[in-house]
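Colleague: Got a minute to walk me through this one? I'd like the overall layout, then some details.

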Amino acid sequence: MLLHDPEIVPIIFHKKKGQILRLLVEKEMTIIDLKHVTGMNPGTIKRHLSDLQKFGLVFISREKLNEYSIVMKYYRATAKTFVFQISWPKE
């Protein structure tokens, strides 16, 4: 995926958001899966996922009811590779 928006740079290079994105490039995961791997609070993970979704970097790949009838959302990165192409404006 080719990225042009300069506002995406701090999102991608944010330590925790970047970690989540790298994990979701490899496989789809739920917030609970991400919690177990990263040790982060689920609320924090949800906030980071919202930011990543806002910029089109992750999406909900499927939803599934668990054994307690709770809808589990599975997240996935929108691409296997992200390439930056950012130009500074000419003055």
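Modeller: Sure. Helices and strands here are DSSP runs, with at least four residues for a helix and at least two for a strand. Keep in mind that this is a predicted model.

Colleague: Fine. How many helices and strands does the chain have?

Modeller: Four helices and four strands. Along the sequence they follow the pattern β-α-α-α-α-β-β-β.

Colleague: What size of box do the C-alpha atoms fill?

Modeller: Roughly 60 × 20 × 20 Å, along the principal axes.

Colleague: And what share of the residues is buried?

Modeller: 32% of the 91 residues. The accessible surface comes to about 6,200 Å², and carbon and sulfur atoms account for 55% of that.

Colleague: Now the strands. In which sense do strand 2 and strand 3 pair?

Modeller: Antiparallel, over seven bridges. Strand 2 covers residues 58-65 and strand 3 covers 71-77. One of the bridge pairs is Arg62 with Tyr74 in strand 3.

Colleague: What links the two strands?

Modeller: They form a hairpin, with five residues between them. Ser69 sits in that turn and has a positive phi of about 60°.

Colleague: Switching topic. Where is Phe13?

Modeller: In the loop between helix 1 (9-12) and helix 2 (15-26).

Colleague: Buried or exposed?

Modeller: Exposed, because its relative accessible area is 60% and the cut-off for exposed is over 50%.

Colleague: Which residues join Phe13 in a nonpolar patch?

Modeller: Phe84 and Ile86. Together the three have about 280 Å² of accessible area on the surface.

Conventions:
Residues are numbered from 1 along each chain as its sequence is written. This is a predicted model: local features need pLDDT of at least 70, side-chain atom pairs count only at pLDDT 80 or more; totals for chains, interfaces and linings use all residues. Side-chain values use heavy atoms; hydrogens and water are left out. Patches are made of residues with over 30% relative accessible area and no salt bridge: like charges are joined within 9 Å, nonpolar side chains (Val, Leu, Ile, Met, Phe, Trp, Tyr) within 5 Å. Accessible areas come from the Shrake-Rupley method with a 1.4 Å probe; for residues, only the protein chains shown count as cover. A salt bridge is a side-chain nitrogen of Lys or Arg within 4 Å of a carboxyl oxygen of Asp or Glu. Buried means under 20% relative accessible area, exposed over 50%, partly exposed in between (1.4 Å probe, protein chains only). Two strands pair if DSSP finds at least two bridges between them.
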